[in-house]
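I opened this notebook to keep track of what I looked up, entry by entry. The order runs from a single threonine outwards to the core, the pockets and the whole chain.

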Amino acid sequence: DYMMQAIKEAPPGSNGVIFTPWLHGNRCPFEDPNARGMFFNISIETGKTELIHAVLEGVCYHLRWQLEAMERKVKAAQTIRLVGGGALASLTCQILADVLGREIETVDNPQNSGAVGAAVVMAVGLGLIPDITDADNLVTIKERYIPNPRHTTIYNRYFPVFKSLYYNNREAFSLING
């Protein structure tokens, strides 16, 4: 909560700083165990708020890249439901909406969504719930995050740079970490 409060005023794009979240290689949308994280475009004026904000943006850029790869095979919904611990932070949800250019929904207790899903499957199997689609009545939307077009424009400009950081450094990753 403290860090989210500390970085909430950081501008979209983190004043040009981009973070790549491949701290332990990567599996999707590219397979490269040698890829690593980095901060790109740091200057003497860069502060910790930009660095922390860039980490959130980097994770969101990577999710966008994964969504882009997935949509080459299957069309995803225009509204994305975010679950897990990351969905507890409204700033993360808004950045993801802005980076994806899509509405983001969160649910009550998003960190427990996997357990709720398992319980629903079990309830259907035991005949306690007639059909898996009846689970919609058990899941309530808590928040909706609408993309800010001004922010999305910035992220659309930075996203190709984010992807180029992998392609332009692939060989260096291999030489150092291979």
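Before reading off any neighbours I fixed the term: two residues are in contact when they have heavy atoms within 4.5 Å of each other. I also noted that the model is predicted.

**Entry 1: Thr 46.** I looked up the position of Thr 46 and found it in the loop between strand S2 (38–40) and H2. Leaving aside neighbours within four places in sequence, I listed Val 17, Asn 41 and Leu 51 as the residues in contact with Thr 46. I then checked the polar side of this residue, and its side chain reaches the backbone nitrogen of Ser 43 at 2.8 Å.

**Entry 2: Thr 20.** Next I turned to Thr 20, which lies in strand S1 (residues 18–20). Is Thr 20 buried or exposed? Its relative accessibility is 0%, so I entered Thr 20 as buried, the limit for that word being under 20% relative accessible area. With residues up to four places away in sequence not counted, Thr 20 touches Arg 36, Gly 37, Met 38, Phe 162 and Leu 165. For two of these residues I also noted backbone partners: the side chain of Thr 20 reaches the backbone nitrogen of Met 38 at 2.9 Å, and a polar atom of that side chain lies 3.4 Å from the backbone oxygen of Arg 36.

**Entry 3: Asn 15.** I found Asn 15 in the loop between helix H1 (2–7) and S1. With a relative accessible area of 53%, Asn 15 goes down as exposed, because exposed requires a value over 50%. Its side chain is nevertheless joined to that of Glu 50 by a polar contact of 2.9 Å. As a check on distance I took Thr 140, which is 125 residues from Asn 15 along the chain, and the C-alpha atoms of the two are separated by 36 Å.

**Entry 4: Glu 71.** Glu 71 sits in the loop between H2 and S3, and I recorded it as partly exposed at a relative accessible area of 22%. Apart from neighbours within four places in sequence, Glu 71 is in contact with Ala 76 and Arg 102. With Ala 76 there is also a polar pairing, since the side chain of Glu 71 reaches the backbone nitrogen of Ala 76 at 3.0 Å. I compared Glu 71 with Cys 28 as well: they are 43 residues apart in sequence, and their C-alpha atoms are 13 Å apart in space.

**Entry 5: the nonpolar core.** Which residues of the largest nonpolar core touch the most other members? Out of 31 residues, I wrote down Trp 22, Tyr 61, Trp 65, Ile 95, Ile 104, Phe 162 and Tyr 166. Two or more residues of this core come from each of helix H2 (48–70), helix H3 (90–100) and helix H5 (149–167), and H3 gives the largest share, seven residues. Nonpolar side chains in soluble globular proteins tend to be buried together. I followed Trp 22 further and, not counting residues up to four places away in sequence, found that it touches Phe 30, Ala 35, Arg 36, Gly 37, His 62, Trp 65, Phe 162, Tyr 166 and Phe 173.

**Entry 6: the pockets.** I read a volume of about 320 Å³ for the largest pocket. Its lining has 15 residues, with Arg 81, Val 107, Ser 113, Val 116 and Val 139 nearest the centre. Helix H4 (residues 113–125) supplies the largest share of that lining, four residues, and by type the lining divides into seven nonpolar, five polar and three charged residues.

The second largest pocket has a volume of about 150 Å³. I listed its lining as Leu 63, Gln 66, Leu 67, Met 70, Ile 80, Arg 81, Leu 82, Leu 96 and Leu 100, which split into seven nonpolar, one polar and one charged. H2, strand S3 (79–81) and H3 each supply at least two of these residues, and H2 gives the most, with four.

**Entry 7: the whole chain.** I closed with the overall layout, which has six helices and five strands in the order α-β-β-α-β-α-β-α-β-α-α along the sequence. The C-alpha atoms fill a box of roughly 60 × 40 × 30 Å along the principal axes. Of the 178 residues, 37% count as buried. Among contacts between residues at least 6 apart in sequence, 76% join residues at least 24 apart.

Definitions and conventions. Residues are numbered from 1 along each chain as its sequence is written. This is a predicted model: local features need pLDDT of at least 70, side-chain atom pairs count only at pLDDT 80 or more; totals for chains, interfaces and linings use all residues. Side-chain values use heavy atoms; hydrogens and water are left out. A nonpolar core is a set of buried Ala, Val, Leu, Ile, Met, Phe, Trp, Tyr and Cys residues joined through side-chain atoms within 4.5 Å. Buried means under 20% relative accessible area, exposed over 50%, partly exposed in between (1.4 Å probe, protein chains only). On a 1 Å grid over the protein atoms alone, a cavity is a set of points where a 1.4 Å probe fits but cannot get out, and a pocket is an open set with protein on both sides within 12 Å along at least five of seven lines; lining residues have an atom within 4 Å of a point. Grid points are joined across faces, edges and corners, and a volume is the space filled by probe spheres set on the points. Ala, Val, Leu, Ile, Met, Phe, Trp, Tyr, Cys and Pro count as nonpolar, Asp, Glu, Lys and Arg as charged, and the others, Gly among them, as polar. A polar contact is a pair of N or O atoms within 3.5 Å; within protein, one must be able to donate a hydrogen and the other to accept it, and residues adjacent in sequence count only if both atoms are side-chain atoms.
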